[in-house]
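Here is a short tour for anyone meeting this structure for the first time. Keep the view open while you read, and follow along from stop to stop.

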Amino acid sequence: MNARAPYGVEELEGRAGDVSPTDGSLELAFEVRPREIRTWLTVLRPTGETETGRGRGVELPYDDASFALVACRRGLQLLPDRSRALEEMRRVLVRHGEIEVAVRGSIERSPLFAELADSLERHAGVRSAAAVRWLFCMPEPDDLRGVLAAAAFDEIRVDVVRTTDRSPSLRAFLSPPGSELGIVPARVKRRVLADLERASGSWMDRDGLLVTTETIVGRARRP
């Protein structure tokens with residue numbers, strides 16, 4: 001792999017995709033902020049070494065045909081120009097290389113988030129609720145299938161995966177870092193917490209909070 005000079009090295013949770021030791025792979029995640037798009041990068045080299053980096057925007061700092069696998073498991077649905085991001089992923093793939101993209105499914109099938117959005121709308125307004133609903137803006141398998149087809153990928157396969165994760169409590173779920181609540185006044189947070197506590201009977205057990213989500217996973221190949 002002949003890579004351009006990488007951006008500054010940063011820590012990134014997770015590993016690159018499951019590939020054989022002889023394949024180079026790239027995993028990326030997009031973080032969309034009001035004035036910028038950050039790209040978190042993890043490279044698994046053919047030697048088995050893992051490197052992490054960070055970029056800005058959707059342009060990838062690697063040469064054409066650098067990777068056998070490119071995986072984007074967070075943030076594609078949030079981008080204002082998804083086609084450009086997929087074009088970059090396609091560019092850095094070798095011929096017949098594989099792409100794997102994951103986006104969140106329907107918010108209605110992620111009940112804790114649906115209740116969170118409804119509560120925010122009641123207590124903080126439509127704009128605050130939209131920040132949560134925006135995370136689920138590609139809710140159907142055909143949404144992902146369509147953008148992969150438009151980006152000229154072949155052999156497209158789309159699966160719906162439902163998972164359940166744990167959080168120690170509702171308070172932990174609503175607290176930084178990584179909170180989906182965003183920045184809201186303390187009084188709003190208290191009201192949202194009360195709403196979720198009233199609705200949480202089916203989401204709690206003796207070990208804490210159960211967070212059920214739906215993920216849509218698309219896999220395809222570069223021709």
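## Around Thr215

Let's start with Thr215. Setting aside residues up to four places away in sequence, Thr215 touches Ala102, Val103, Gly105, Asp159, Val160 and Val161. You'll find Thr215 in strand β8, and with a relative accessibility of 24% it counts as partly exposed, because buried would mean under 20%. Thr215 and Ser106 are 109 residues apart along the chain, yet 8.3 Å is what separates their C-alpha atoms.

One thing to keep in mind as you look around: this is a predicted model.

## The whole protein

Stepping back, the protein has six helices and eight strands. Read from the N terminus, the order of elements is β-β-β-β-α-β-α-α-α-β-α-α-β-β.

How many residues are there, and what share of them is buried? The protein has 223 residues, and 42% of them are buried. Its accessible surface is about 11,800 Å², with 49% of that belonging to carbon and sulfur atoms. Take the contacts with a separation of 6 or more: 73% of them are between residues 24 or more positions apart.

## Strand β1 and its partners

Now for strand β1, which covers residues 25-32. Six of its eight residues are buried, so β1 is largely enclosed by the rest of the structure.

Which strands does β1 pair with? One partner is β2 (residues 37-44), which runs antiparallel to β1 and is joined to it by eight bridges. A hairpin of four residues takes the chain from β1 to β2. To see the pairing up close, look for Glu27, which stands opposite Thr42 in β2. Another partner is β4 (residues 67-74), and here the pairing is parallel, over five bridges. Leu26 is a good place to spot it: its bridge partner in β4 is Val70.

## From β4 over to β8

From β4 you can keep going strand by strand. β4 and β5 run parallel and are joined by five bridges, with Leu69 standing opposite Glu98 in β5. Next comes β8 (residues 208-221), which runs antiparallel to β5 with seven bridges between the two. Val103 takes part here, and its bridge partner in β8 is Ile216. Val103 is also one of the residues that Thr215 touches.

Helix α1 belongs to this part of the story too. Together, β4, α1 and β5 make a right-handed β-α-β unit. In α1 (residues 82-92), the buried residues are Ala85, Leu86, Glu88, Met89, Arg91 and Val92. An α-helix has 3.6 residues a turn, so residues three or four places apart point the same way. As for what covers the buried residues of α1, that includes β1, β4, β5 (93-104) and α4 (141-150).

## Aromatic rings

How many aromatic pairs does the structure hold? There are three. In one of them, the rings of Tyr62 and Phe67 have centres 5.2 Å apart and planes at 85°, so this pair is edge-to-face. Both Tyr62 and Phe67 are buried.

Phe113 and Phe173 are edge-to-face as well, because their planes sit at 75°, with the ring centres 5.6 Å apart. Phe113 is in helix α2 (residues 111-124) and Phe173 in helix α5 (residues 170-173), so the pair ties together parts that are 60 residues apart in sequence. Are these two buried or exposed? Phe113 counts as buried at 3% relative accessibility, and Phe173 counts as buried at 11%. Ring pairs also bring in Phe136, linking Phe113, Phe136 and Phe173 into a cluster. On top of that, Arg104 has its charged end over the ring of Phe113, 5.2 Å from the ring centre.

## Last stop: Ser167

Ser167 takes us back to Phe173. Apart from neighbours within four places in sequence, Ser167 is in contact with Ala172, Phe173, Gly208 and Leu209. Ser167 sits in strand β6 (residues 154-167) and is buried, because its relative accessible area is 11%.

How values were computed
Residues are numbered from 1 along each chain as its sequence is written. This is a predicted model: local features need pLDDT of at least 70, side-chain atom pairs count only at pLDDT 80 or more; totals for chains, interfaces and linings use all residues. Side-chain values use heavy atoms; hydrogens and water are left out. Buried means under 20% relative accessible area, exposed over 50%, partly exposed in between (1.4 Å probe, protein chains only). Two strands pair if DSSP finds at least two bridges between them. Contact means heavy atoms within 4.5 Å. A crossover is right-handed if, with the strands pointing away from the viewer, the path from the first strand over the helix to the second runs clockwise. Rings of Phe, Tyr and Trp (its six-membered ring) pair if their centres lie within 6.5 Å; planes under 30 degrees apart count as stacked, over 60 as edge-to-face and the rest as tilted. A charge sits over a ring if NZ of Lys or CZ of Arg is within 6 Å of the ring centre and within 35 degrees of the ring normal. Accessible areas come from the Shrake-Rupley method with a 1.4 Å probe; for residues, only the protein chains shown count as cover.
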